[in-house]
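Here are my notes on the model you asked me to look over, set out as numbered points. Please read them with the structure open beside you.

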Amino acid sequence: MVTHQILRKMSAAFVLLAVALSCSSTTTVTQAQKVAEKQKLQVGYGDLIFDYESEYMMIPVTLSGDEKQAGFPTVSPIYDSYEESRGSGIVGYNMIFYNKNSGESNILLNKKALISKFEYLLGKQEPENPSEGNVQTNQPKQNRSQKVSRKPQNQWLLFHIIDSDTNADGKLDRADAIIGYLSNLGGKSLQAITPPDTQLMSWVFDEKSGGIFLTIRKDSDGDRKFTEKDGIDFVRVNVSQPNVGKEIIDGKTRQELQKIIIN
């Protein structure tokens with residue numbers, strides 16, 4: 001009887017030892033795989049983003065060998081004007097700004113993040129040839145107030161940046177919060193202008209008032225996902241003093257609407 005108990009204890013000990021060795025081996029293999037995958041990754045660069053009227057050009061920073069990261073093109077178009085690059089959807093991990101006159105360069109971000117998109121805040125221009133208004137033509141008249149100038153009247157870039165793994169899935173992608181940031185055309189004075197844990201959806205810039213009006217989506221139900229079930233909100237940002245925007249619809253207005261429409 002004693003012998004059987006000893007054998008059972010010895011068997012259990014061998015099983016535990018085997019499990020421990022197996023786990024250790026698996027951990028070693030997993031760590032080795034991570035190291036190998038990391039060694040395959042190298043910093044890469046997209047094509048120049050170039051505008052002849054600006055003193056700066058930009059170089060997107062990517063990772064070569066990053067095929068697993070969804071939505072990461074390795075080539076970025078070269079643009080001849082601000083109009084063409086607006087809403088271009090350039091994607092990268094960072095951005096280099098190079099001053100064509102001084103030869104100085106700087107990087108936009110000092111932390112790991114994903115630049116989902118960048119856009120210029122464009123101004124408007126007066127007609128190039130005012131005398132054209134006296135010339136008769138059979139072409140339809142254009143609303144000149146809507147004509148976009150080649151060179152921005154204001155010196156700002158709007159970045160859509162993913163810098164936090166808000167859904168805790170171990171990676172940064174468009175399922176996470178997308179925060180709006182403003183910087184000058186040299187990639188400096190970077191400032192968040194939308195609240196954390198939200199997704200920037202769209203925006204409108206009113207040059208006359210100097211305000212950017214942004215539409216954001218909140219994680220209203222707290223499930224770490226951004227879906228159509230979540231609430232939409234609006235914030236206003238003054239470009240002369242950029243900061244996290246103030247909500248346009250206040251609590252009192254929401255309560256009044258609740259009483260009028262639902263209660």
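1. In this predicted model, glycine 211 has asparagine 238 of strand S11 as its bridge partner. The contact belongs to the pairing of S10 with S11 (residues 232-238), which is antiparallel and runs over seven bridges.

2. On the other side of the account stands strand S9 (residues 198-206), which pairs with S10 in the antiparallel sense over eight bridges; within that pairing, serine 202 has threonine 215 of S10 as its bridge partner. The hairpin made by S9 and S10 has four residues between the strands, and glycine 210 in this hairpin takes a positive phi near 75 degrees. Strand S10 itself (residues 211-218) is mostly covered, with six of its eight residues buried.

3. These pairings belong to an open sheet of four strands, in the order S9-S10-S11-S12, with antiparallel pairing. Its edge strands are S9 and strand S12 (246-247), each of which pairs on one side only. S12 is joined to S11 by two bridges, and the two strands run antiparallel; here valine 235 has glutamate 247 of S12 as its bridge partner.

4. A further open sheet is formed by four strands in the order S1-S2-S3-S4, and its pairing is antiparallel. Strand S1 (42-45) and strand S4 (105-107) are the edge strands, each pairing on one side only. On average, and with direction ignored, neighbouring strands of this sheet are turned by 30 degrees against each other. Within the sheet, strand S2 (residues 56-64) and strand S3 (residues 94-99) pair in the antiparallel sense over six bridges, and tyrosine 56 has asparagine 99 of S3 as its bridge partner.

5. Which residues of the largest nonpolar core touch the most other members? They are Met58, Met95, Phe118, Leu157 and Phe159, out of 19 residues in that core. The elements giving two or more residues to this core are S3, strand S5 (114-120), strand S6 (157-162) and strand S7 (179-183). Another core lies apart from it and has 14 residues, among them Ile193, Leu200, Val235 and Val237. Val235 in this core is thus also the residue whose bridge partner is glutamate 247.

6. As for internal space, the count comes to two cavities of 30 Å³ or more, and the largest cavity has a volume of about 60 Å³. Eleven residues line the largest cavity, and those that lie nearest its centre are Ser54, Tyr56, Met58, Tyr120 and Leu185. S2 supplies the largest share of this lining, with three residues. By character, the lining of the largest cavity divides into nine nonpolar residues, one polar and one charged. Two of the residues named here recur from earlier points: Tyr56 is the bridge partner of asparagine 99, and Met58 is among the residues that touch the most other members of the largest nonpolar core.

7. Is glutamate 119 buried or exposed? Glutamate 119, found in strand S5, counts as buried because its relative accessible area is 7%, and buried means under 20%. Glutamate 119 and histidine 160 are 41 residues apart in sequence, while in space the C-alpha to C-alpha distance between them is 8.5 Å.

Note on methods. Residues are numbered from 1 along each chain as its sequence is written. This is a predicted model: local features need pLDDT of at least 70, side-chain atom pairs count only at pLDDT 80 or more; totals for chains, interfaces and linings use all residues. Side-chain values use heavy atoms; hydrogens and water are left out. Buried means under 20% relative accessible area, exposed over 50%, partly exposed in between (1.4 Å probe, protein chains only). Two strands pair if DSSP finds at least two bridges between them. Axes are lines fitted to C-alpha atoms, for helices over the stretch in contact, and angles run from 0 to 180 degrees between N-to-C directions. A nonpolar core is a set of buried Ala, Val, Leu, Ile, Met, Phe, Trp, Tyr and Cys residues joined through side-chain atoms within 4.5 Å. On a 1 Å grid over the protein atoms alone, a cavity is a set of points where a 1.4 Å probe fits but cannot get out, and a pocket is an open set with protein on both sides within 12 Å along at least five of seven lines; lining residues have an atom within 4 Å of a point. Grid points are joined across faces, edges and corners, and a volume is the space filled by probe spheres set on the points. Ala, Val, Leu, Ile, Met, Phe, Trp, Tyr, Cys and Pro count as nonpolar, Asp, Glu, Lys and Arg as charged, and the others, Gly among them, as polar.
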